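Welcome, and thanks for taking a look at this one. Here is a short tour of how its helices and strands are arranged.

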Amino acid sequence: MSGAVEARLAELGITLPEVVPPLAAYQPAVRSGAYVFTSGQLPMVDGKLPATGKVGAEVTPEQAKELARICALNALAAVRSVIGDLDRIARVVKVVGFVASAPDFTGQPGVVNGASELLGEVLGDKGVHARSAVGVAVLPLDAPVEVELQVELTD
């Protein structure tokens, strides 16, 4: 499990967390052919959310951006649980970020940048992806952010 991606994580001072256990009837990630799809990942740290509430109200955009980064780390952990070695990632194809938003908050792209930037730091060009950043009324457990990934694998 120690390849170039793991070395890059260590260089950045980042420890990939354990896979967050599912909150309901689903798997954290599944493989289909050359792709791995993650379930939506909440910003869980040691089994709990560091913050709850709506972005633009109880949670600042800056806090939410950091939470999106945690979501991306949790998503990478879910990918690793399926493929074993993150060096098997050919590229991140798509990121979808959901932001629990106050009614007047329109900065969803800036929040989801937390996930996108983390993927770029860790994976370099392989982390460049298509993306959606969507504002929603509420997320599970009152989480401010949720992120899912679609990753293509090498042969």
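Helices α2 and α3 are oblique to each other, because their angle falls outside the classes roughly parallel (under 35 degrees), roughly antiparallel (over 145) and roughly perpendicular (65 to 115). The model is predicted: local features need pLDDT of at least 70 and side-chain atom pairs pLDDT 80 or more, while totals for chains, interfaces and linings use all residues. Residues are numbered from 1 along each chain as its sequence is written, and side-chain values use heavy atoms, with hydrogens and water left out.

**The helix pair**
- The axes of α2 (residues 61-83) and α3 (residues 108-123) come within 7 Å and cross at roughly 45° (axes are lines fitted to C-alpha atoms, for helices over the stretch in contact, with angles from 0 to 180 degrees between N-to-C directions; helices are DSSP runs of H or I with at least four residues, strands E runs with at least two, numbered from the N terminus).
- Residues in contact (heavy atoms within 4.5 Å) include A68, A72 and L76 of α2 and V111, A115 and L118 of α3.

**The sheet**
- Five strands form an open sheet in the order β1-β2-β5-β3-β4, with mixed pairing (two strands pair if DSSP finds at least two bridges between them).
- β1 (29-32) and β4 (130-136) are at the edges with a single partner strand each, so one side of each has no neighbour in the sheet.
- Neighbouring strands are turned by 15° against each other on average, direction ignored.
- β2 (residues 35-38) pairs with β5 (residues 145-153) in the antiparallel sense over three bridges, and F37 stands opposite Q150 in β5.

**Helix on sheet**
- α2 lies across β1, β2, β3 (89-100) and β5, and runs at about 40° to β5.
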